[in-house]
Amino acid sequence: MERKIQFKVFKFNPSIEVTPTWRVYEVEVDRGTTVLDALLKIKEEQDPSLAIRYSCRQAICGSCGMMINGKQRLACFTRVLELNSKIIYVEPLSNYPIIRDLVTDFSELFSKERSVKPYIIRDDVEEMSNPTGMYLQKPDELLSYLQFADCIECGLCSSACPTVSTDRLFLSPMVLNKAYRFSADSRDSGLVHRLPVIDSEHGCWRCHFAAACSSVCPKGVDPAKSIQLLKRMITSTNIFKKSRKRIVEISSRPHVTLSFP
Amino acid sequence: MRESTKMLIHYITGFAILITGAIHLIASNLKTLEWIKTTPLYPVSQGIFLATVLYHALNGLRVILVELMPGYRSGKIISYTLLILGVILFVFGSYVLIILFGER
Ligand code: SF4
Ligand code: SF4
Ligand code: FES
């Protein structure tokens, strides 16, 4: 059964406008219609100028984050009728600069992410550059970071974080979660290289554990938890003066060609 | 100093305030335990109380200020200003404690 729902959508083009406006659109929705479907319908039938960012339409790419009825959500993962409201307010994510309408600028967030070296770093440089096999991991080693590896980088957590809204240099929950995800990986020994950034004045210690980030995460990542685990990891590294050195078995795979031309 | 070290000291001083503050409250309010004030360790505990309260309070203030005024330069200015303030207050507080307990 179709129902008419009113959408109040934030419209703003900072390059030519001084103040934002709210436009009202009416859309017919059914129980399967997501907010993204409705916005695309508005774009196709009523306002082709509406700017939206999206790609996968299935909560994988992390592109369509926006404020829906005042809360950070993925537009493609939010069914309109689930919101149980006659008027749906749609705004760009808070805590990010606006590019246009519902599209926000993540470049600062991604440069913070690069600063924590979000990749496996190993001490055995020779093995890294000329791998002789694959790194084996026990199931419990995998489980120690698996939940935190589910992050799709949608940035909803960083938008909900009260510290990000006051301290623009704070690394943010998404980035700190990424730092923990790799530092907790048994194949990684890169914590010491990440410390200058994550253990700084605007690093993980500025998180006050209000857990607003975890409450909006669409993938159940729980960045508030990974940040507390990161604090514990740093503290024990400082006290025992050595990073947790993990030895991961390297199993050779003769059937795989590992030499490159 | 690394931020983690500053925060670790922050948590430890929080705990120390609880203990030394409790000693002070008990010794000042329970008639049966007033003798604590006459032990030589009492002035030491009050000295620890002074140092830990100052560190904990000023570091808490630093955390609030670096969040409200983010910036690498402002962070340094805030830290050093509070450090100097802390040293001055500690010297003054120690002077008061010495006069207080020195008379006995
Ligand atoms: S932790 Fe969750 S909310 Fe944050 S970026 Fe990753 S998926 Fe999005
Ligand atoms: S728990 Fe930490 S990172 Fe998450 S919203 Fe709160 S302050 Fe931000
Ligand atoms: S469009 Fe990819 S997460 Fe919504």
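Select the shell around ligand 1 in this predicted model: its residues divide into 10 nonpolar, one polar and two charged. In total, 13 residues surround ligand 1. To centre the view, pick the closest of them, A:C151, A:C154, A:G155, A:C157 and A:C217. Then display the cavities of the protein; ligand 1 sits in the largest cavity.

Move next to ligand 2, which is surrounded by 13 residues. Here the closest are A:C161, A:C207, A:A210, A:A211 and A:C213. Colour this shell by residue class: 11 residues are nonpolar, two are polar and none is charged. Which helices should be shown as ribbons around ligand 2, each supplying at least two residues of its shell? Select α6 (162–166), α9 (212–216) and α10 (223–240) of chain A.

Leave the ligands and select residues 65–68 of chain A, which form strand β3, together with residues 71–74, which form strand β4. The two strands run antiparallel and are joined by four bridges. For a cross-strand position, show A:M66 of chain A, which stands opposite A:R73 in β4(A). β3(A) and β4(A) form a hairpin with two residues between them. In the turn, label A:N69, whose phi is positive, at about 50°.

Finally, display the side chains of β4(A) and view the strand edge-on. Which of them are buried, and which are not? A:Q72 and A:L74 point to one face and are buried, whereas A:K71 and A:R73 point to the other and are not. Such alternation between the two faces of the sheet is what a regular strand shows in general.

How values were computed:
Residues numbered from 1 in each chain as written. Chains lettered and ligands numbered in written order. Predicted model: local features only at pLDDT ≥ 70, side-chain atom pairs only at ≥ 80, totals over all residues. Heavy atoms only, no water. Near = heavy atom within 4 Å. 1 Å grid on protein atoms, 1.4 Å probe; cavity = no way out; pocket = protein on both sides within 12 Å on 5 of 7 lines; lining within 4 Å. Sits in = over half its atoms within 2 Å of the grid points. Nonpolar A, V, L, I, M, F, W, Y, C, P; charged D, E, K, R; others polar. Buried < 20%, exposed > 50% of the residue type's maximum accessible area, 1.4 Å probe, protein only. Pairing = 2+ DSSP bridges.
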